[in-house]
Amino acid sequence: MHTVLTRGNATVAYTLSVLACLTFSCFLSTVFLDYRTDASINTVRVLVKNVPDYGASREKHDLGYVTFDLQTNLTDVFNWNVKQLFLYLTAEYKTPANQLNQVVLWDKIILRGDNAVLDFKNMNTKYYFWDDGNGLKDNRNVSLYLSWNIIPNAGLLPSVQATGKHIFKFPADYATSSI
């Protein structure tokens with residue numbers, strides 16, 4: 001009565017429907033979990049230099065140099081729906097020219113099965129800490145935040161910020177030593 005193609009089509013359609021329901025169940029089982037954890041961030045060395053920015057113009061802009069300590073345990077963030085984490089350390093500060101400045105200073109990818117306990121001492125930033133003017137010198141309210149994006153097997157891509165932050169200040173004079 002039914003051909004082999006009709007029966008094959010019904011089998012494939014049913015299998016895909018079941019897989020779609022299982023994927024949606026996977027998403028629902030982890031969507032309401034709290035992925036925040038505590039992170040301890042501390043600055044070790046903070047310098048600021050006023051150097052020319054040859055990429056955009058010949059004007060001098062502030063270049064911040066920060067070394068930091070970072071301790072956190074991200075093992076509780078991983079569950080069966082988390083494939084990997086994309087971590088990044090962000091600096092936020094206010095200048096007279098801009099109400100909010102955000103600069104990513106460092107990042108790291110942690111795969112499932114990797115060591116998710118981070119204990120870094122005296123780390124250098126991975127990216128330059130440029131200001132688009134002279135807003136870093138004597139800035140007393142620079143905050144460091146650790147955040148991460150969760151790459152799941154199924155579902156949303158949440159962006160999570162750790163519960164700890166660190167506030168520091170840049171010195172009032174420019175560094176003269178080479179970086």
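Contact is taken here to mean heavy atoms within 4.5 Å. By this criterion, in the predicted model, 7 residues of domain 1 are in contact with 9 residues of domain 2. The two parts are assigned as residues 1–32 for domain 1 and residues 33–168 for domain 2. Their C-alpha centres are separated by 42 Å.

The size of an interface is often given as the accessible area lost when the parts come together. For domain 1 and domain 2 the buried area amounts to about 650 Å², and carbon and sulfur atoms contribute 69% of this value. On the side of domain 1, the greatest losses of area to domain 2 fall on Cys26, Phe27 and Thr30, which together account for 68% of what that side buries.

The polar component of the interface between domain 1 and domain 2 was examined next. No salt bridges were found by the rule across this interface (0), whereas 3 residue pairs were found in polar contact, with both residues of each pair at pLDDT 80 or more. The residues of domain 1 that touch domain 2 comprise 4 nonpolar and 3 polar residues, with no charged residue.

The sequence record bears on the region where the two domains meet. An unreviewed UniProt entry places a "transmembrane region" at residues 12–35. In the model, helix makes up 79% of residues 12–35 and strand 0%. The C-alpha atoms at the two ends of this span lie 36 Å apart. The boundary between domain 1 (1–32) and domain 2 (33–168) falls within the annotated span of residues 12–35.

Definitions and conventions. Residues numbered from 1 in each chain as written. Predicted model: local features only at pLDDT ≥ 70, side-chain atom pairs only at ≥ 80, totals over all residues. Heavy atoms only, no water. Domains from an automatic or database assignment. Buried area = accessible area lost by both parts, 1.4 Å probe. Salt bridge = Lys/Arg side-chain N within 4 Å of Asp/Glu carboxyl O. Polar contact = N/O pair within 3.5 Å; in protein donor to acceptor, adjacent residues only side chain to side chain. Nonpolar A, V, L, I, M, F, W, Y, C, P; charged D, E, K, R; others polar. UniProt positions renumbered as here; feature names shortened; annotations may be inferred. Helix = DSSP H or I, 4+ residues; strand = E, 2+ residues; numbered from the N terminus.
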